[in-house]
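Visitor: Please give me a close look at a single part of this model, and tell me what surrounds it. I'd like to follow the picture residue by residue.

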Amino acid sequence: MVQTDSMVLKIRYVQNKDCKDIYDWRNDINTRKMSNNTELISFEEHQKWFNSSFKNIKRIILICEDTIRNKKIGIVHFELNKDKALISININPKLRGKGYAKECLSASLKFFIKDFQNCRSIDAQIKKVNVASKKTFQSVGFKLLKQDKELFYYQLIC
């Protein structure tokens, strides 16, 4: 747990009870604008992905919670590939713009690195229009590696 002046942040692994919240956040219009897949997905498609995630040892999904307000802040998702991981974050649309993203990302990285000590680097791909994510990832130590027409490619050495 991480305590700040305004919240106590808890990081935990995703559970079945999180399926509907993650589905709603994923289909939020602003989430879709910043995602690789901008299409709406059905709940059935989401359930299939969500349930397969529990069996996929290369997929780690963490939930960030504010235990004082009893609110789910967002998810941080890691896709493992040997000693690397690709990270993404999605903040609960109702809580965006309140300064939670940096704390959630920072605490999730610490949680992940502690449990996956063989990880050497974590990569992030951020759409150029996603200024908030760019600032958040930079604020926790990610460095810009390269960019193309649509994406910034960042990396954090574990």
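**A loop residue and its surroundings**

Guide: Let's begin with Arg 120, which sits in the loop between helix 4 and strand 6. The model is predicted, so local features are given only at pLDDT of at least 70 and side-chain atom pairs only at 80 or more, while totals for chains, interfaces and linings use all residues. Residues are numbered from 1 along each chain as its sequence is written, and side-chain values use heavy atoms, with hydrogens and water left out.

How much of Arg 120 is accessible? Its relative accessible area is 48%, so Arg 120 is partly exposed (buried is under 20%, exposed over 50%, and partly exposed in between, using a 1.4 Å probe and protein chains only). Once neighbours within four places in sequence are set aside, Arg 120 is in contact (heavy atoms within 4.5 Å) with Asp 83, Leu 156, Ile 157 and Cys 158. You can also find Ala 85 from here: it is 35 residues from Arg 120 along the chain, yet their C-alpha atoms are separated by 8.5 Å.

Now turn to helix 4, on one side of that loop (helices are DSSP runs of H or I, at least four residues; strands are E, at least two; both are numbered from the N terminus). Helix 4 has 16 residues, so at 1.5 Å a residue its expected span is 22 Å, and the 23 Å between its end C-alpha atoms agrees with that (the expected span is 1.5 Å times one less than the number of residues). Several of its side chains will be worth clicking on: Tyr 100, Cys 104, Leu 105, Ala 107, Ser 108, Leu 109, Phe 111 and Phe 112 are buried in helix 4.

For a contrast in setting, try some residues elsewhere. His 46 belongs to helix 3, and it counts as buried because its relative accessibility is 2%. Beyond the four places on either side in sequence, the partners of His 46 are Cys 19, Ile 22, Tyr 23 and Ile 41.

Glu 65 is a charged side chain to inspect next, in strand 3, which runs over residues 59-66. With a relative accessible area of 14%, Glu 65 is buried too. Which side chain makes a polar contact with Glu 65? Arg 12 does, at 3.1 Å (a polar contact is a pair of N or O atoms within 3.5 Å; within protein, one must be able to donate a hydrogen and the other to accept it, and sequence-adjacent residues count only if both atoms are side-chain atoms). Arg 12 also appears among the residues that Glu 65 touches, together with Val 8, Leu 9, Lys 10, Lys 71, Lys 72 and Ile 73, again without counting residues up to four places away.

Our last stop is Asp 24, in helix 1. Like Arg 120, Asp 24 is partly exposed, and its relative accessible area is 34%. The side chain of Asp 24 has a polar contact of 2.8 Å with the side chain of Lys 20. Along the chain, Pro 93 is 69 residues from Asp 24, but the C-alpha atoms of the two are separated by 9.0 Å.

To return to where we started, keep Arg 120 on screen with Asp 83, Leu 156, Ile 157 and Cys 158 displayed, and you will have its contacts beyond the neighbouring sequence in view.
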